[in-house]
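Please look over the chain shown here. The briefing below starts with a single loop residue and then widens to the whole chain.

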Amino acid sequence: LGDVYKRQMSVTTPPAGGPYSLTFSDGELTVLNNILIGELWICSGQSNMEMPMKGYKNQPIEGADMDILRSTNPSLRLFTVKRHSTLLPQYDVTGTWNEAMPTTVREFSATAYYFGRLLNELLDVPVGLIVTAWGGSAAEAWMTEEMLRAFPEVRIPRTDADITSPNRTPTTLYNGMLHPLIGITMRGVIWYQGEENASRAEQYAPLFRALIADWRKQWKIDLPFYFVQLAGYMTPQEVQPDSRWAVLREAQAEALHIANTGMITAVDLGDPYDIHPKNKQDVGKRLAALSLADTYRKGTYHMPVCTGYKVYDRTLALAFDSPVQANAGEVKGFVLAGPDGVFYPAKATLQQNGKSVVLESPQVEIPIAARYNWADCPNGNLYSPSGVPVGPFRTDK
């Protein structure tokens, strides 16, 4: 272990740009060429982060064919970490740095590519992207044993026989696919994961916060951590109080209480018949817009948030911290409940220049609780004037 760390070194970098060459010697001279200096991001999660521009079988990426053909860009560099699940922390990964071009972009993460392409365009500096993701992976697989001790229900593997599922076994992806990257100088993380944890959604809020704290502890920096709230999926329903995916999305949003985090919602980009939505361009664009606003202080990206509510006669009025509007036609996606706890579709009316939404339902005489987009695959259409969708929420928690 000591020998491994002795072989690490740091180099003061020149201004963003390049290509540069780096010469070093350990008794034998070595020259590395075609090096760029710029912004490096780690892109992690499960299949919706891993999904390549070429798509999966019978699951294409919307608009990818032309984007792949136009993708040649020497200032955008791509690296995909090969899948590796293991008991012990590793010190190297398998992968190759590639310049963006049709042959390499075709095989690269669509979400990460669209994110990096927009950063490169608007920052006008080279951008590097490291994708370390595995479809179907659980959050626990990306965490250290030390941080998982706070969750006694999580079983830590001790032998290879304990790795019954390589992408779901706690600590194994951290060991094989993240630990070798720790210490690399990078700007931040984008994360698209959660589907695998939906069956235990109530546990996800503390687990996800612990994961973010875990990664920051390993890097010893308060790195920006931006994540995707799960897209809509499964049977569209207007009223679904028992939705596991809605609870998981709520758990994801609770991580926003941690400093230097951010969330984009993809609920409106989902497909009821496909867990891998075709529209990865808007996911990447939203992540890029969020990071440009919060990390680089370029522009603004604000998701309107419900700040409270009041009951007037048979109506419930929701207050928002910024104006909201319907994307098309009447406001959709709200349900209302009375003292019996039974939810019904609600008619929603915008008031106070969009800073209030007033709800009513003929089936609810005394409203006490409201929910928005609370379903596996909801139909809400509430956005900010600049097009940022409002995330799902409920007043009854």
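**Backbone outliers and overall picture**

N58 sits in the loop between α2 (47-50) and α3 (64-69). The model is predicted. Phi of N58 is near 60 degrees, a positive value in a residue other than glycine. N58 counts as exposed, because its relative accessibility is 74%.

**Other backbone features**

- Most residues other than glycine have a negative phi, and most peptide bonds are trans.
- N260 also departs from that pattern, with a positive phi of about 60 degrees although it is not a glycine.
- The loop that holds N260 runs between α9 (244-254) and β9 (261-265).
- N260 counts as partly exposed, because its relative accessibility is 31%.
- A cis peptide bond leads from G18 to P19, with omega near 10 degrees.
- P19 belongs to strand β1 (residues 17-25).

**Whole chain**

- Ten helices and 19 strands make up the secondary structure of the protein chain.
- The radius of gyration is 23 Å; a compact globule of 397 residues would have one near 21 Å, so the chain agrees with that expectation.
- Along the principal axes, the C-alpha atoms fill a box of roughly 85 × 45 × 40 Å.
- Of the 397 residues, 53% count as buried.
- Among contacts with a separation of 6 or more, 72% join residues 24 or more positions apart.
- The exposed area of the protein chain is about 18500 Å², and carbon and sulfur atoms supply 51% of it.
- The chain carries 36 positive and 41 negative charges, and their mean positions are 2 Å apart.

**Aromatic pairs**

- A pair of aromatic rings is described by the distance of the centres and the angle of the planes.
- The whole structure holds 18 aromatic pairs.
- F79 and W97 form a tilted pair, because their ring centres are 5.3 Å apart and their planes lie at 55 degrees.
- F79 is in strand β4 (residues 73-80) and W97 in the loop between β4 and β5 (98-100), so this pair ties together parts that are 18 residues apart in sequence.
- F79 is buried, with a relative accessible area of 9%.
- W97 counts as partly exposed, at 42% relative accessibility.
- Y372 and F393 also form a tilted pair, 5.9 Å centre to centre with 35 degrees between the planes.
- Y372 lies in strand β17 (residues 369-372) and F393 in strand β19 (residues 393-394), so the pair ties together parts that are 21 residues apart in sequence.
- Both Y372 and F393 are buried.
- A cluster linked by ring pairs takes in W142, W191, Y204, F208, W215, F225 and F227.

**H276 and its surroundings**

- H276 is found in the loop between β9 and α10 (280-294).
- H276 counts as buried, because its relative accessibility is 12% and the cut-off for buried is under 20%.
- Beyond its neighbours within four places in sequence, H276 touches S47, N48, M51, Y56 and Q59.

**R117 and its surroundings**

- Helix α5 (residues 110-123) contains R117.
- R117 is partly exposed, with a relative accessible area of 25%.
- From R117 to A288 the C-alpha distance is 8.8 Å, although the two are 171 residues apart in sequence.
- Setting aside neighbours within four places in sequence, R117 is in contact with D67, L76 and Q281.

**L36 and its surroundings**

- L36 is part of strand β2 (residues 29-37).
- A relative accessible area of 21% makes L36 partly exposed.
- L36 and V127 are 91 residues apart along the chain, and 8.4 Å separates their C-alpha atoms.
- Outside its neighbours within four places in sequence, L36 contacts G17, G18, P19, P74, S75, R77 and P126.
- Those contacts of L36 include G18 and P19, the two residues joined by the cis peptide bond.

Methods. Residues are numbered from 1 along each chain as its sequence is written. This is a predicted model: local features need pLDDT of at least 70, side-chain atom pairs count only at pLDDT 80 or more; totals for chains, interfaces and linings use all residues. Side-chain values use heavy atoms; hydrogens and water are left out. Helices (H or I, at least four residues) and strands (E, at least two) are DSSP runs, numbered from the N terminus. The radius of gyration is taken over C-alpha atoms; the globule rule is 2.2 Å times the number of residues to the power 0.38. Buried means under 20% relative accessible area, exposed over 50%, partly exposed in between (1.4 Å probe, protein chains only). Contact means heavy atoms within 4.5 Å. Accessible areas come from the Shrake-Rupley method with a 1.4 Å probe; for residues, only the protein chains shown count as cover. Lys and Arg count as positive and Asp and Glu as negative; His and the chain ends are not counted. The place of a charge is taken as NZ of Lys, CZ of Arg, CG of Asp or CD of Glu. Rings of Phe, Tyr and Trp (its six-membered ring) pair if their centres lie within 6.5 Å; planes under 30 degrees apart count as stacked, over 60 as edge-to-face and the rest as tilted.
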